[in-house]
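Here's a quick briefing to read with the model open beside you. Have a look around first, then come back for the details.

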Amino acid sequence: MFRFLSLVIIATAACAPETEPVDGMAAFQSQCAACHGANGQGMAVSDGVVAPDLTRISARNGGSYPADYVMSVIDGFNRGNHVSGVMPRFGDGDLGPIIMTEEDGNPVPVPAELLALSNYIETLQR
């Protein structure tokens, strides 16, 4: 019996993929800081184009951080007319392995780097 349970545990563990955690700060520095600045406060990136201050997202949203919206803008899925065409559509590239998060009790697949970037940007809010 013990041998059977050991095999079941090993087989189950083999089915669960190991995902290395993504460092949101490192991802921000490599993907975002060139335009938004190392501290996320934005800067001029080209003639007449200024990358927005990412530290004021919550303030512009009534004090609440809109994580889903931020991820959709980074991904490129929901940009609208207000986002400059200068910003790359990061969703067209590799944003890492898919991890499962939960929203309203339902599983939601999210690329690991996208989630890490949004979580890090949330820490920049003033």
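A residue counts as buried when its relative accessible area is under 20%, as exposed when that area is over 50%, and as partly exposed in between. By that cut-off Ser 72 is buried, because its relative accessibility is 12%. Keep in mind that this is a predicted model.

**Overall layout**

- The protein is built from 6 helices and 4 strands.
- Walking along the sequence, you meet them in the order α-α-α-β-β-α-α-β-β-α.
- Out of 126 residues, 32% count as buried.
- As for how far contacts reach along the chain, take those between residues at least 6 apart in sequence: 39% of them join residues at least 24 apart.
- The accessible surface adds up to about 8,300 Å², and carbon and sulfur atoms account for 59% of that.

**The nonpolar core**

- The largest nonpolar core is made of 19 residues.
- Phe 28, Ile 57, Val 70, Ile 74, Leu 114, Leu 117 and Ile 121 are the ones with the most contacts inside this core.
- Helices H2 (24–31), H5 (67–75) and H6 (112–123) each put in at least two residues.
- H6 is the top contributor to the core, with 5 residues.

**The aromatic pair**

- Which two residues form an aromatic pair? They are Phe 28 and Tyr 120, and their arrangement is tilted.
- The ring centres sit 5.4 Å apart, with 50 degrees between the planes.
- This is the 1 aromatic pair that the structure holds.
- Phe 28 belongs to helix H2 and Tyr 120 to helix H6, so the pair links distant parts of the chain, 92 residues apart.
- Both partners are out of the open: Phe 28 is buried at 0% relative accessible area, and Tyr 120 also counts as buried, at 15%.

**Salt bridges**

- The count of salt bridges comes to 2.
- One of them joins the side chains of Arg 126 and Asp 53, at 3.1 Å from N to O.
- Arg 126 is in the segment after H6, while Asp 53 is in the loop between strand E2 (49–51) and helix H4 (57–60), so this bridge ties together parts that are 73 residues apart in sequence.
- Arg 126 itself is exposed, with a relative accessible area of 53%.
- The side chains of Arg 89 and Asp 92 also meet in a salt bridge, here at 3.7 Å from N to O.
- Is Arg 89 buried, exposed or partly exposed? At 44% relative accessibility, Arg 89 is partly exposed.
- Its partner Asp 92 counts as exposed, at 62%.

**Ser 72 in helix H5**

- Back to the buried serine: Ser 72 is part of helix H5.
- A polar atom of the Ser 72 side chain lies 2.8 Å from the backbone oxygen of Tyr 69.

**An unusual backbone angle**

- Asp 104 has a positive phi, about 55 degrees, although it isn't a glycine.
- Where does Asp 104 sit? Look in the loop between strand E3 (98–103) and strand E4 (106–111).
- Asp 104 counts as exposed, because its relative accessibility of 74% is over the 50% cut-off.

Definitions and conventions
Residues are numbered from 1 along each chain as its sequence is written. This is a predicted model: local features need pLDDT of at least 70, side-chain atom pairs count only at pLDDT 80 or more; totals for chains, interfaces and linings use all residues. Side-chain values use heavy atoms; hydrogens and water are left out. A nonpolar core is a set of buried Ala, Val, Leu, Ile, Met, Phe, Trp, Tyr and Cys residues joined through side-chain atoms within 4.5 Å. Buried means under 20% relative accessible area, exposed over 50%, partly exposed in between (1.4 Å probe, protein chains only). Contact means heavy atoms within 4.5 Å. Accessible areas come from the Shrake-Rupley method with a 1.4 Å probe; for residues, only the protein chains shown count as cover. Rings of Phe, Tyr and Trp (its six-membered ring) pair if their centres lie within 6.5 Å; planes under 30 degrees apart count as stacked, over 60 as edge-to-face and the rest as tilted. A salt bridge is a side-chain nitrogen of Lys or Arg within 4 Å of a carboxyl oxygen of Asp or Glu. A polar contact is a pair of N or O atoms within 3.5 Å; within protein, one must be able to donate a hydrogen and the other to accept it, and residues adjacent in sequence count only if both atoms are side-chain atoms.
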